[in-house]
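Work through the exercises below with the coordinates open. Each one sets a task and then solves it in steps.

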Number of protein chains: 2
Amino acid sequence: MNKIITIGREFGSGGREFGRKLAALLNFPYYDREIITEISKRTSLSEKYVQNIAENKPIIPFPIHTGRTFFAVMPDYGQSVQAEQHNIIREAASKSDCVIVGRGADYILRELHPFRIFVYSDTESKIKRCRENQSNDYEHSEMSEKELAKRIEQINRARSEYYGFYTGQKWGDKANYDLCVNTSFITPDKLAEAVRLLM
Amino acid sequence: MNKIITIGREFGSGGREFGRKLAALLNFPYYDREIITEISKRTSLSEKYVQNIAENKPIIPFPIHTGRTFFAVMPDYGQSVQAEQHNIIREAASKSDCVIVGRGADYILRELHPFRIFVYSDTESKIKRCRENQSNDYEHSEMSEKELAKRIEQINRARSEYYGFYTGQKWGDKANYDLCVNTSFITPDKLAEAVRLLM
């Protein structure tokens with residue numbers, strides 16, 4: 001059976017960097033944004049659009065009652081993006097050993113008993129990591145400390161809601177993971193070297 | 001500064017075994033029941049009695065109001081056992097690198113920034129470990145599966161209450177640890193080898 005490692009991660013905790021290092025050390029394929037690119041190819045939707053749908057729980061408006069009922073329906077492409085995401089994650093896991101970051105992969109692949117890692121850190125360390133990492137998607141450089149802390153919290157709340165919506169489990173609840181690591185004082189390199197020994 | 005590793009652990013999760021292996025690999029002194037023995041020596045109380053006081057939160061009866069008030073007072077030896085426990089833990093940490101299991105050492109030594117590990121596992125794995133480990137204090141061998149599960153839960157509830165009472169923190173809440181490991185599918189040996197690399 002393939003060795004599958006899933007990594008849930010708080011935004012700002014260095015989970016992606018850790019995942020990349022671990023995959024490189026183990027010589028396993030690494031799946032993260034690659035999944036978004038692949039969905040975009042398969043659905044002909046833009047990557048930005050796919051990312052927004054694939055990483056957020058659907059917004060379901062209240063039905064409006066004005067004499068007759070309007071039902072809130074999730075757009076078809078929302079469903080198909082989620083379906084494609086599931087397919088790609090399953091395909092990756094069936095193809096070879098791999099490291100998959102985010103996207104509730106721990107839950108999607110639960111029958112294959114992946115090694116489930118969750119990476120978190122304290123707010124101070126998240127802010128520091130965001131300031132240092134200029135290559136990420138979010139424009140943090142001009143934000144105040146307070147604004148950045150709020151932004152980080154928002155992103156993590158969205159991740160938590162997404163995970164809860166699609167899995168029915170609590171994001172980051174240690175009962176659902178094999179290893180939870182606080183990266184406030186551990187570098188991704190050191191962590192990858194250690195976790196490698198658990199495989 | 002000395003390297004201090006503290007290990008909180010659910011009963012039945014193999015935390016003690018892991019702690020011993022880790023201490024041996026690192027060549028660090030290991031403190032667990034040794035602390036009880038030392039308190040017993042210093043206070044001239046029996047080890048069994050010391051253990052009971054040192055590992056459980058005090059039972060504070062409600063004050064009884066019958067015209068005049070009786071105050072609930074924690075017995076002096078309860079306080080002195082706790083005080084000795086603190087002293088011994090602080091002494092150990094100031095003497096050399098070390099591994100300390102249980103006793104809220106992560107909180108007692110918080111100003112020294114220990115590496116804080118929490119070890120947990122699922123109920124099934126705890127039961128299996130208890131059945132295999134005949135050398136522990138509790139008489140499990142004649143218990144049914146259900147009785148044993150209940151007993152394990154009771155012990156862990158007592159640990160949780162003890163930790164909460166003396167630290168004001170939630171036992172096993174990952175925010176208070178650097179590493180939380182689910183030992184349901186990881187052996188203490190393998191874990192010790194990996195954690196060694198984080199030191």
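**Exercise 1.** State the area buried between chain A and chain B, and what carbon and sulfur atoms give of that area.

Solution. The model is a predicted one.
- Step 1. Chain A and chain B bury about 1,800 Å² between them. Carbon and sulfur atoms give 61% of that area.
- Step 2. Lys174(A), Leu197(A) and Leu198(A) supply 30% of the area that chain A buries against chain B, more than any other three residues.
- Step 3. On the side of chain A that touches chain B, strand S6 (115-120), S7 and helix H8 (188-196) each supply at least two residues.
- Step 4. The contact takes 22 residues from chain A and 22 residues from chain B.

**Exercise 2.** Find how many salt bridges and how many residue pairs in polar contact lie across the interface of chain A and chain B.

Solution.
- Step 1. The salt-bridge rule finds zero cases across the interface of chain A and chain B.
- Step 2. The rule for polar contact finds eleven residue pairs across this interface, both residues at pLDDT 80 or more.
- Step 3. Over all chains, the count of salt bridges comes to 26.

**Exercise 3.** Determine which turn and shift lay chain A on chain B.

Solution.
- Step 1. A turn of 180 degrees with a shift of 0.0 Å along the axis lays chain A on chain B, with an RMSD of 0.0 Å.
- Step 2. The two copies are therefore related as by a two-fold rotation axis.
- Step 3. The same surface serves both copies, since 100% of the contact residues of chain A recur in chain B.

**Exercise 4.** Locate the salt bridge of Glu91(A) and classify its two residues as buried, partly exposed or exposed.

Solution.
- Step 1. The partner of Glu91(A) is Arg42(A), and the closest N and O atoms are 2.7 Å apart.
- Step 2. The pair links distant parts of the chain: Glu91(A) is in helix H4 of chain A and Arg42(A) in helix H2 (residues 33-43) of chain A, 49 residues apart.
- Step 3. Buried requires under 20% relative accessible area and exposed over 50%. Glu91(A), at 33%, counts as partly exposed, and Arg42(A), at 35%, also counts as partly exposed.

**Exercise 5.** Repeat the analysis for Asp178(B) and Arg116(B).

Solution.
- Step 1. The side chains of Asp178(B) and Arg116(B) meet in a salt bridge, 3.0 Å from N to O.
- Step 2. Asp178(B) lies in the loop between helix H7 (145-167) and strand S7 (179-182) of chain B and Arg116(B) in strand S6 (residues 115-120) of chain B, so the pair ties together parts 62 residues apart in sequence.
- Step 3. Asp178(B) has 3% relative accessibility, so it counts as buried. Arg116(B) has 19%, so it counts as buried.

**Exercise 6.** Which residues of the largest nonpolar core touch the most other members?

Solution.
- Step 1. The core holds 44 residues. Ile5(A), Ile117(A), Ile5(B) and Ile117(B) touch the most other members.
- Step 2. Leaving out residues up to four places away in sequence, Ile117(A) touches nonpolar and other residues, including Ile5(A), Phe18(A), Leu22(A), Tyr177(A), Leu179(A) and Val195(A).

**Exercise 7.** Is Asn176(A) buried or exposed, and what is it in contact with?

Solution.
- Step 1. Asn176(A) lies in the loop between helix H7 (145-167) and strand S7 (179-182) of chain A.
- Step 2. Its relative accessible area is 15%, so Asn176(A) is buried.
- Step 3. Leaving aside neighbours within four places in sequence, Asn176(A) is in contact with Asp106(A), Arg116(A), Gln169(A) and Lys170(A).

Definitions and conventions: Residues are numbered from 1 along each chain as its sequence is written. Chains are lettered from A and ligands numbered from 1 in the order in which they are written. This is a predicted model: local features need pLDDT of at least 70, side-chain atom pairs count only at pLDDT 80 or more; totals for chains, interfaces and linings use all residues. Side-chain values use heavy atoms; hydrogens and water are left out. Copies are superposed by least squares on the C-alpha atoms of residues with pLDDT of at least 70 in both. Contact means heavy atoms within 4.5 Å. Helices (H or I, at least four residues) and strands (E, at least two) are DSSP runs, numbered from the N terminus. Buried means under 20% relative accessible area, exposed over 50%, partly exposed in between (1.4 Å probe, protein chains only). A nonpolar core is a set of buried Ala, Val, Leu, Ile, Met, Phe, Trp, Tyr and Cys residues joined through side-chain atoms within 4.5 Å. Buried area is the accessible area (1.4 Å probe) that two parts lose on being put together, summed over both. A salt bridge is a side-chain nitrogen of Lys or Arg within 4 Å of a carboxyl oxygen of Asp or Glu. A polar contact is a pair of N or O atoms within 3.5 Å; within protein, one must be able to donate a hydrogen and the other to accept it, and residues adjacent in sequence count only if both atoms are side-chain atoms.
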